[in-house]
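Visitor: Could you take me on a close look at the place where the two chains meet? I would like one connected walk through the contacts there.

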Amino acid sequence: MKLLLFSRRTAKEILRDPLNLAFGLGFPLVLLLLLSAIQANVPVSLFAIGTLTPGITVFGLAFLTLFAATLVAKDRESAFLQRLYATPLGAADFILGYLLPLVPLALGQGLVCYLTAVFLGLKVTISILPAVLCLLPVSFFFIGLGLLCGSVLGVKQTGGICGALLTNLTAWLSGVWFDLKLVGGAFEKIAHALPFVHAVEMERAVLSGNYAGISPHIYWVLGYGAAALALAVLLFLRQMKGQ
Amino acid sequence: MGDSIKKQTAEAIRTVGLTKRYKDLTAVDHLELVVKQGELFSLLGVNGAGKTTAIKMLSCLAEPSEGDAFLHGRSIRKEMAAVKELIGISPQETAVAPNLTVGENLELMCGIHGFSREKRKRKTAEATEQFGLGEILGKRAGKLSGGWQRRLSIAMALIGEPKILFLDEPTLGLDVLARSSLWEVIRALKGRITIILTTHYMEEAEALSHRIGIMKDGKLLTTGTAGELMEKAGKERFEEAFVALVTKADGTPGAFPEKGVVR
């Protein structure tokens, strides 16, 4: 009951901020529309809807990190968390109360992107459904990263690190906009050591119906997701104790 | 035996050598204090005196480095869950959920304290009336003025039916009218609940408190009613008494702090 109430509060705080809706939903959709328009006017296959959409859904999830981090940092700075720490709420209520409401947001965001892509020419197949579900482990990574950053950074810092830096990292190192092999070398190696490109490849494999193709990418995503969540819990508990 | 139980229940707070150290800094130094039930006790001191740290330890937000404190006989070190059921806190910052309405903020706090739906509605209606929040009940908390946010903050702290209310600098940064209005709110609570108030406004402590404790450099220098402290310092104005007591502690080592438990 307490967890449910706190989760509902998290959802309201995020959904009632128009900037969150603009960035979380509006920006990925604008990119999808814009890049599809470019594709329609160039003779080569730059942004084919079947490979672009999975990339955009993963890129959109990077904004969840910003939402989670900003909310936790704001709650810390305004002492709202301090007030709640002096109530019967437990550590699990806090962590799950921030995390759980963001999961349906992630799935909803992915679903809207895929539905928009259908209008832009994406072939309707049953694989869209598992592709949306495959965003679940990816969202754990991004939300975990948000909780982690919100536990240690201030509101202004979360804007810079989770907003500008992370969205750029997700964009450049995920292979959404260009094939990483085109750059190659250290850039490609670094990109493959991070989860972004694996998340996109996993999504692309599932959407194309190549379910066997999720391996080994899913292990990278799950590994980074588990690490981000574990570190987030650790740092959240540390700042909770440090109050 | 009977006397001992009576004495224990009459005490809202008893601290025993309560100490908080941060590396080289001792923020609170062996605090010995007893606050009676229903008392409004103010902790007064200049910045860095240790008031907020003392409150943080008493409200289980900071772990003591040494010593313990008992709230209605419950240890802040060993019985944190039980202590949290007894307290409400209004932190120095406004500490409200900005995108929730005033009503939703109040209901959230009720829910966190495990109240049923019916009780949540009843308590929200009571708090709304008590704090005059009716006109702004549907407004988002983040859009309110500082004075209204503080008023809401205290209402949120009280709605969980605490036995002890901690008010950390409740009027900090407010204009004269907002401060005066908040004083009325605090006065209305006086005697009905134990209140620990920290402030560095002399007139606030003098006007609101049953007793006042003066802290400096983590130590409790002295306690008493405003009249007793003025008498002790040989001054006619409370502000002068405060300055005299604090500087006396600097100038004549050994005169303060008092030894033993301060009642």
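Guide: Happy to! One definition before we start: a salt bridge here is a side-chain nitrogen of Lys or Arg within 4 Å of a carboxyl oxygen of Asp or Glu. Please also keep in mind that this is a predicted model.

With that cut-off in hand, look at Lys12(A) and Glu104(B): their closest N and O atoms are 3.3 Å apart, and the pair forms a salt bridge. Glu104(B) has another partner, Arg16(A), with 2.6 Å between the closest N and O atoms of that salt bridge. Arg16(A) sits in the loop between H1 and H2 of chain A while Glu104(B) belongs to helix H4 of chain B, so this pair joins two chains. Arg16(A) counts as partly exposed because its relative accessibility is 24%. As a general point, side chains of opposite charge can pair when their charged atoms come close. Between chain B and chain A the count is two salt bridges, and the structure holds 20 over all chains.

Now step back to the whole contact. Chain B contributes 33 residues and chain A contributes 23 residues. Together the two chains bury about 2500 Å², with 58% of that on carbon and sulfur atoms. The polar side of the contact comprises 10 residue pairs, counted with both residues at pLDDT 80 or more. On chain B, at least two residues of the side touching chain A come from each of helix H3 (80-86), strand E6 (87-90), helix H4 (102-112) and helix H6 (146-158). H4(B) gives the largest share of that side, namely six residues.

Glu13(A) brings us back to chain A, where this residue is placed in helix H1 (residues 2-15). With a relative accessibility of 5%, Glu13(A) counts as buried. Setting aside neighbours within four places in sequence, Glu13(A) is in contact with Asn20(A) and Leu71(A) in chain A, and with Ala97(B), Pro98(B), Asn99(B) and Leu100(B) in chain B.

For the wider setting in chain A, consider Asp75(A), which lies in helix H3 (residues 49-77) of that chain. Asp75(A) has a relative accessible area of 1% and is therefore buried. Not counting residues up to four places away in sequence, Asp75(A) touches Arg9(A), Phe80(A), Leu81(A) and Tyr98(A). Measuring from C-alpha to C-alpha, Asp75(A) is 9.9 Å from Ser151(A) in space, though 76 residues separate the two in sequence.

Chain B has charged pairs of its own. Lys123(B) forms a salt bridge with Glu161(B), with 3.4 Å between the closest N and O atoms. Lys123(B) is in helix H5 (residues 117-130) and Glu161(B) in the loop between H6 and strand E7 (164-168), so the pair ties together parts of chain B that are 38 residues apart in sequence. The two partners are covered to unlike degrees: Lys123(B) counts as buried at 11% relative accessibility, whereas Glu161(B), at 39%, is partly exposed. Both take part in a network of salt bridges that also links Lys119(B), Arg122(B) and Glu126(B).

To finish, here is a nonpolar feature of chain A. Val30(A), Leu34(A), Ile38(A), Val44(A) and Leu46(A) make a nonpolar surface patch of about 430 Å². Val30(A) is found in helix H2 (residues 18-40), and this residue counts as partly exposed because its relative accessibility is 46%.

How values were computed: Residues are numbered from 1 along each chain as its sequence is written. Chains are lettered from A and ligands numbered from 1 in the order in which they are written. This is a predicted model: local features need pLDDT of at least 70, side-chain atom pairs count only at pLDDT 80 or more; totals for chains, interfaces and linings use all residues. Side-chain values use heavy atoms; hydrogens and water are left out. Patches are made of residues with over 30% relative accessible area and no salt bridge: like charges are joined within 9 Å, nonpolar side chains (Val, Leu, Ile, Met, Phe, Trp, Tyr) within 5 Å. Accessible areas come from the Shrake-Rupley method with a 1.4 Å probe; for residues, only the protein chains shown count as cover. Helices (H or I, at least four residues) and strands (E, at least two) are DSSP runs, numbered from the N terminus. Buried means under 20% relative accessible area, exposed over 50%, partly exposed in between (1.4 Å probe, protein chains only). Contact means heavy atoms within 4.5 Å. Buried area is the accessible area (1.4 Å probe) that two parts lose on being put together, summed over both. A polar contact is a pair of N or O atoms within 3.5 Å; within protein, one must be able to donate a hydrogen and the other to accept it, and residues adjacent in sequence count only if both atoms are side-chain atoms.
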